[in-house]
Amino acid sequence: MWRSPEFSVLCRMAVDGGCGDGGDWEGRWNHVRKFLERSGPFTHPDFEPSAESLQFLLETCKILVIGAGGLGCELLKNLALSGFQHIHVVDMDTIDVSNLNRQFLFRPKDVGRPKAEVAAEFINSRIPGCNVVPYFKKIQDFDDSFYRQFHIIVCGLDSIIARRWINGMLMSLLSYEDGVLDPSSIIPLIDGGTEGFKGNARVILPGMTACIDCTLELYPPQINFPMCTIASMPRLPEHCIEYVRILQWPKEKPFGEGVTLDGDDPEHIQWVFQKSLERAAQFNITGVTYRLTQGVVKRIIPAVASTNAVIAAICATEVFKIASSAYIPLNNYLVFNDVDGLYTYTFEAERKENCSACSQVPQELQFPPSAKLQEVLNYLTENASLQMKSPAITATLEGKNKTLYLQTVASIEERTRPNLSKTLKELGLADGQELAVADITTPQTVLFKLHFTT
């Protein structure tokens with residue numbers, strides 16, 4: 001009867017009475033050797049069984065796990081028990097009490113500490129020989145030299161923006177010679193995501209298969225409530241919470257000038273909760289709770305531990321396949337649903353020829369000369385295949401780089417805001433003009449070529 005790698009290792013540890021003296025013990029990796037040192041009906045046609053594959057996993061292969069939350073904890077455990085001993089983990093969050101029901105590497109005493117650090121300590125202390133290196137940072141804090149050191153990157157993120165950023169980073173690392181992709185520059189990306197009882201897993205070979213931006217339409221749009229409803233006609237408890245978050249907090253400044261709302265600060269959440277109750281009472285709305293308040297403020301997506309476990313297991317399996325070359329990897333997108341029974345479906349997502357992230361084709365913008373810059377901005381943020389968040393637009397005019405609009409810096413935004421009401425012709429733009437667009441969704445500046453329509 002086949003046993004999972006995790007089951008076999010844990011059974012062996014139980015027989016040995018623990019993890020031994022901190023090193024390997026006889027038969028420790030037998031469960032992995034069965035996959036790597038003999039052929040089978042499901043092995044890759046070009047696979048040659050040998051002991052070298054296991055040594056690569058144990059001694060050489062470096063894995064980067066992005067995210068140490070619900071998926072990340074499962075991933076770290078699965079990878080460490082499958083023979084990967086050089087793992088790095090990046091996470092910018094600290095542990096909250098609400099995490100403890102599913103993020104099993106954490107305990108009540110860990111609340112307030114960085115997730116990456118606690119997860120690394122736990123794995124390192126429980127699994128002999130494994131060296132997990134934590135980083136309590138944002139993925140944007142690292143340059144390309146950091147990412148180049150890894151053989152495989154696996155994501156357990158809850159942010160589409162972060163997914164798009166790491167996707168763009170891996171695209172920027174690709175090397176081309178005479179238009180031909182250098183295979184040695186490819187760092188595979190395995191991405192998992194869950195929402196309640198639904199999940200997905202995918203394998204991305206940058207420059208070869210569909211990337212994150214190729215399939216943006218597959219991601220559900222973030223729920224935003226109309227401002228008019230929030231301000232004057234609230235009907236749901238969420239409307240009341242959003243009113244306090246968006247309007248009352250910056251107006252009343254409850255914790256002082258310049259203090260931003262922190263979804264992990266109990267005092268902040270309690271203040272928003274009380275104010276939301278007051279507003280709900282004015283409109284006879286029920287259902288405002290502390291938990292709902294925190295969920296709205298932090299944009300929390302409902303999580304189910306079993307869904308995380310399934311998706312993480314699939315992702316870890318794909319890491320093992322690619323690292324060992326023993327099996328054909330997923331091609332290339334799997335969806336999972338256990339709302340009513342168990343349902344999985346695998347399909348091949350195709351690359352988009354004009355993908356802004358991975359194609360070699362210049363991006364085009366088609367507008368009449370009379371179109372206003374605001375219309376271009378709206379297109380960049382609302383187009384389903386772009387979905388930028390706060391694009392900054394620059395152009396070369398009269399031999400100088402000119403910022404046409406930049407939203408993220410208040411002083412520059414105020415200075416460039418009048419440009420939004422100007423036409424492209426009034427701004428001095430010409431047919432064939434190149435526009436450079438920077439956005440938080442990508443580490444690279446995206447170049448667009450402007451074509452005037454009649």
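Helix α13 (residues 373–382) lies across five strands of this predicted model: β11, β12, β13, β14 and β15 (446–452). The helix runs at about 135° to β11.

Now look at the strands themselves. Together the five form an open sheet. Read across it, the order is β11-β15-β14-β12-β13. The pairing is mixed. Two strands stand at the edges: β11 (363–367) and β13 (400–405). Each has a single partner strand, so one side of each is left without a neighbour in the sheet. From one strand to the next, the twist averages 35°.

One pairing in the sheet can be followed in detail. Strand β12 (residues 392–397) and strand β14 (residues 434–438) run antiparallel. Four bridges join them. Within this pair, alanine 392 stands opposite alanine 438 in β14.

Next come the nonpolar cores. The largest has 51 residues. Those with the most contacts inside this core are Ile63, Val65, Leu76, Leu79, Phe84, Ile87 and Val154. Which helix gives the most to this core? Helix α12 (residues 305–324) does, with nine residues.

Leucine 79 is a good place to pause. Leaving aside residues up to four places away in sequence, leucine 79 touches Ile63, Val65, Phe84, Ile87 and Val154. Leucine 79 also touches Ala316 and Val319.

A second core is separate from the one just described. This second core has 35 residues, including Ile139, Leu170, Leu181 and Ile187.

Key. Residues numbered from 1 in each chain as written. Predicted model: local features only at pLDDT ≥ 70, side-chain atom pairs only at ≥ 80, totals over all residues. Heavy atoms only, no water. Core = buried A, V, L, I, M, F, W, Y, C linked by side-chain atoms within 4.5 Å. Buried < 20%, exposed > 50% of the residue type's maximum accessible area, 1.4 Å probe, protein only. Contact = heavy atoms within 4.5 Å. Pairing = 2+ DSSP bridges. Axes fitted to C-alpha atoms, helices over the stretch in contact; angles between N-to-C directions.
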